[in-house]
Amino acid sequence: MSALVQTDAFSPTLAYEALLNECPGAAAATFCGYVRDFSDTGAVHLLELEHYPGMAEQVLAQLGERALVRFELRAWRIIHRYGPLAVNEPIVWVAAIADHRANAFAACEFMMDTLKTNAPFWKREHTERGAQWLSARASDARRDERWAEVMSIEK
């Protein structure tokens, strides 16, 4: 179980295999987000990610631990990159291993929805119109809020 924040490229396949070697058998779910070649303002040529060093790792680790308890996970892992990233490079990878698939799927979705709104990362897209910092999307905030509503119902 770990949260890694790094500039180095990573292989989602190798990350998955490594996690399964640490925690074999059970249900595993993963999500990998890649740099898109488009945005609302045009074709994307490069994506820059900045983060708050120390704080980003702490927020991701706390998020993983929350998922561990909430979804009764056996294991979890989050990898998030920062720095300049080319189109089609992986940005973020989350994984959850649980005794049951529903828990693994829900944990991945929870980690991504929460990460998108609560982790201290900032994105700047480079398009043919120049570079611009991206604002948080209202749809991401609604997805994160949904988990708070689900949590109150679960109690």
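In which strand is W133 found? In this predicted model, W133 sits in strand β9, the stretch that covers residues 130-133. As for its surroundings, W133 has a relative accessibility of 41%, so it counts as partly exposed; the cut-offs behind that call are under 20% for buried and over 50% for exposed, with partly exposed in between. W133 also belongs to a nonpolar patch on the surface, where it is joined by Y52, M55 and W122. Taken together, the four side chains of this patch, Y52, M55, W122 and W133, offer about 440 Å² of accessible area.

Next comes the sheet. Four strands make up an open sheet, and reading across it gives the order β1-β5-β7-β2, with mixed pairing. At the edges lie β1 (2-6) and β2 (27-34), each of which pairs on one side only. Going from one strand to the next, the twist averages 5 degrees. How many bridges link β2 and β7, and in which sense do the two strands pair? The count is eight bridges, and the sense is antiparallel. To pick out a residue pair in this part of the sheet, F31 has V94 in β7 as its bridge partner.

Two helices lie across this sheet. Helix α1, made of residues 12-22, lies across β2, β5 and β7, and it runs at about 25 degrees to β7. Helix α3, which takes in residues 101-118, likewise lies across β2, β5 and β7, but its angle to β7 is about 145 degrees. With angles taken between N-to-C directions on a scale from 0 to 180 degrees, the values for α1 and α3 can be read side by side.

The backbone has a couple of spots worth a look as well. Which sign does phi take at E72, a residue that is not a glycine? At E72 phi is positive, at about 50 degrees. This residue is found in the loop that connects α2 (55-70) to β5 (73-81). E72 counts as exposed because its relative accessibility is 61%, and the cut-off for that class is over 50%.

N88 makes a similar entry: although it is not a glycine, its phi is positive, at about 75 degrees. N88 is also a loop residue, found between β6 (83-86) and β7 (90-98). Is N88 buried or exposed? With a relative accessibility of 59%, N88 counts as exposed.

How values were computed:
Residues numbered from 1 in each chain as written. Predicted model: local features only at pLDDT ≥ 70, side-chain atom pairs only at ≥ 80, totals over all residues. Heavy atoms only, no water. Patch = residues over 30% accessible without salt bridge, like charges linked within 9 Å, V, L, I, M, F, W, Y side chains within 5 Å. Areas by Shrake-Rupley, 256 points an atom, 1.4 Å probe, with all protein chains shown as cover. Buried < 20%, exposed > 50% of the residue type's maximum accessible area, 1.4 Å probe, protein only. Pairing = 2+ DSSP bridges. Contact = heavy atoms within 4.5 Å.
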